[in-house]
Each structure stands twice: as structure tokens, then as C-alpha cells.
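Welcome, and please open your viewer. We will go from stop to stop, selecting a few residues each time and looking at what is there.

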Amino acid sequence: MKNKNYYAILMAGGVGSRFWPVSTQDFPKQFHDMLGTGDTLIQKTFNRLAKLIPEENIFILTNERYNDLVLEQLPSVSQRQVLLEPAMRNTAPCILYASLKIQKENADAVMIVAPSDHWIEDELAFSQNVKTAFDYCESNDALMTLGITPTFPNTGYGYIEYDKSGKEEIKQVSQFREKPDYETAKSFINQGNFLWNAGIFMWSVKSVISAFKTNQPKLFELFESGYSTYNTELEDDFIKENYGKAENISVDYALMETSDNVYVIPASFDWNDLGTWGSLYDKLDKDKSLNAVVNAKTLLEDSNGNMIRSERDKVVVIDGLKDYIVVDKDEVLLIFPKAKEQDIKQVLENVKAKFGKEYG
């Protein structure tokens, strides 16, 4: 029997523009089978959470334009579980909104906030880490996060510095550090008490709402003013009228970097945030020439280190290409150096400016 006090907030509102042309404003990456496994990223995340958390206690936070996609891809989910953002306001406002709704339903709730588009291989280890966090948060006023042990000096992630004097599994966080340059990232790894910030959080509903009240009184006041409408038919009207008034602020800035009761568990599972074509390439099986292929039927000559994705069973012939991203999707063909993958976001803007928004 799953614990009825366990809840999840599944974050599914992002666009994932670095995965263009597969990920678009109308159909973002979390609703695609990026890995070619038969499940979309949001389906994989929901199923992972449902191993520990009652399905009816998993809430999906997304933009209102993706409501139908959520209900189509997660058929066991009811409209009650889909929380719709009428405006883009980063992670703090939507987490506070969801937390107040959950508190009204169950004041004893403990919850996890998890992105919908991460890759986690060892799901049993993930569940064990989350259970450890829940046990601690049920009896302590704590804001908890999962940190990933760095495998190389990555400059694309924020870092969590923890107090290394303690030997317990749960570590006190000293500070959060912004995305570093390469030399700083190397020094973090050499110090041995830095973790990648995976953006996965656990806490009791009581602790997180208290933290918002203390650290973000204006934001708290805005959403708390609608408390009487939550979980009623008046909720939608309140949210549509007031959500856009919220400050555009991440939960990291709003709470985690300003609170003194922040803890981290070094994750015991392998993790990837699947933020770029290169990160997807890292996780896929490769052929003997280190090409990673999703969906396509390929004939490759003198080509290595490429990330290739097409519509299912499309024949792709490549000769003499090294370390490129090749993605064929509907009316767009992208052939782009892997080394410049961070520029895809800007390329998308250039394409929309030249050919129209329907291409992104």
C-alpha cells in the first residue's frame, strides 16, 4: 500500500528549444519519445514517480496550451491533477500554487518536485533516495534536494556545496553556486564536496509553505489570497486573474539560496537532464563508429560521432560526416555541429524571424 501522504509535482511546462526541430512551442520535448523507447519523457517520469506515490497524488504543472497533450499521454490522470499556468512565471509561483492546493487537501503531505524530462536509469535507487528524503522531511523542518556526483567539470550545471564534516547520508547545504567556468568547475570537483544541482526537491507541505511565507511574503500573499477557491470550481477564475501578477522567479532563488534549513542527498542513481542533443547522444547506444541513431534506418560511410534522428523507419544516408547533429522532422532538416549545440536556441529564433513562427 502506497503512503497516502506522499505527493508529487511533475513540472512539464518547458519548451526545450535546444531540442529543436523535434521540440517546438506547440509540442515540446517532454511529450516526445526522445530515447526511442516507446514512452515519452513525461510518461517515463510519471511511471517512475508512481512506483512510490499514489497516482492520484501526482500533480502535473504545465502551460495551459499543453492540457490536452497531458491528458492524452497520461490517460490515468484526471483534470483535477493537471494544474495549468496561464502565463510563464518560472518555478517558484507554480510550486507555491501547487503546494497550497495540496495543503488544503492533505496538511500532512510530503512531496517531491521533479522535472518531466530527466533521464534516470536506476529507478529503484531513485525511489530509495526519495523515501529517505520523505522520512526526514516528515519529522524535520527541511528543504531537501537531490544532488548528482559530478563525473567531469561540467560548466552547464549549477553546483551545490555541502558541509563535508558530517558522515550522514543527508548533508547540510553550505551554498548554491552558479554555473562555473571550466577552471572553477575543476576546483569544485577537486574539493570533493560539490554536487550538480538536478532541480529535484523534497519537503513537507508545511515546511515549503512556511519558507515561502518567510522568504517571499509578497508571492505568498498573492497565492494565499485565493486559498478559499482552491480545489473548488472558482479556482480557475482566481488563477487566470492573478497568476500573471506573480514575480518571474525560480524556486532556487526564491527559497533554496535564502533558507538555512536546506539539505542534500547525493543521489545513488545515474542522471542526465536531457537538455541538449549532445546530452541525449551521451545516453544512447552507439554503433562501432560512435554514431547514435533514433528511429532512422541508416547507411553510413566514413561517418562517426553523429547524433541522427528522423521520423520512424526513414532511410538516412550519410557519407563523410563527423560529430554532427542530423535531425529530420516534418518540414525541417537540421544538420549542425555538435560542438555548437548551445547555439540551436538562437538558430531557432533566426529561423522563425526569416520563415515564420510555424517553424518553431
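Which residues form one aromatic cluster together with Y97? Select Y97, F223, Y227, Y230, F238 and Y243, and you have the whole cluster on screen.

Before moving on, a word about what you are looking at. This is a predicted model, in which local features need pLDDT of at least 70 and side-chain atom pairs count only at pLDDT 80 or more, while totals for chains, interfaces and linings use all residues. Residues are numbered from 1 along each chain as its sequence is written, and side-chain values use heavy atoms, with hydrogens and water left out.

**Stop one: rings**

Rings of Phe, Tyr and Trp (its six-membered ring) pair if their centres lie within 6.5 Å; planes under 30 degrees apart count as stacked, over 60 as edge-to-face and the rest as tilted. By this rule there are 19 aromatic pairs. Pick F201 and W203 for a stacked one, with 5.6 Å between centres and 5 degrees between planes. F201 is buried at 3% relative accessible area, and W203 is buried at 0%. (Buried means under 20% relative accessible area, exposed over 50% and partly exposed in between, with a 1.4 Å probe and protein chains only.)

Now go back to Y227 and Y230 in the cluster. Their rings meet edge-to-face, 6.2 Å centre to centre and with 75 degrees between the planes. Y227 is partly exposed at 24%, whereas Y230 is buried at 0%. Add K104 to the selection: it lies over the face of Y227, 5.6 Å from the ring centre. A charge sits over a ring if NZ of Lys or CZ of Arg is within 6 Å of the ring centre and within 35 degrees of the ring normal. For another example, show R48, whose charged end sits over the ring of F126 at 5.8 Å from its centre.

**Stop two: a helix residue and its contacts**

Select F220 in helix α7 (residues 217-224). Helices (H or I, at least four residues) and strands (E, at least two) are DSSP runs, numbered from the N terminus. F220 is buried, with a relative accessible area of 12%. What is F220 in contact with, leaving aside its neighbours within four places in sequence? Light up L96, I209, F212 and K213; contact means heavy atoms within 4.5 Å. L96 is 124 residues away from F220 along the chain, yet their C-alpha atoms are separated by 7.5 Å.

**Stop three: salt bridges**

Side chains of opposite charge can pair when their charged atoms come close. A salt bridge is a side-chain nitrogen of Lys or Arg within 4 Å of a carboxyl oxygen of Asp or Glu, and the whole structure has 14. Start with D117 and K29, whose closest N and O atoms are 3.2 Å apart. D117 is in the loop between β4 (110-115) and β5 (119-120) and K29 in the loop between β1 (6-11) and α1 (41-50), so this pair ties together parts 88 residues apart in sequence. Both D117 and K29 are buried.

Next, select D330 and K329, which meet at 2.9 Å, N to O. Here D330 is exposed at 54%, while K329 is buried at 17%. Finally, bring up R48 once more with K51 and E123: these three are linked in a network of salt bridges.
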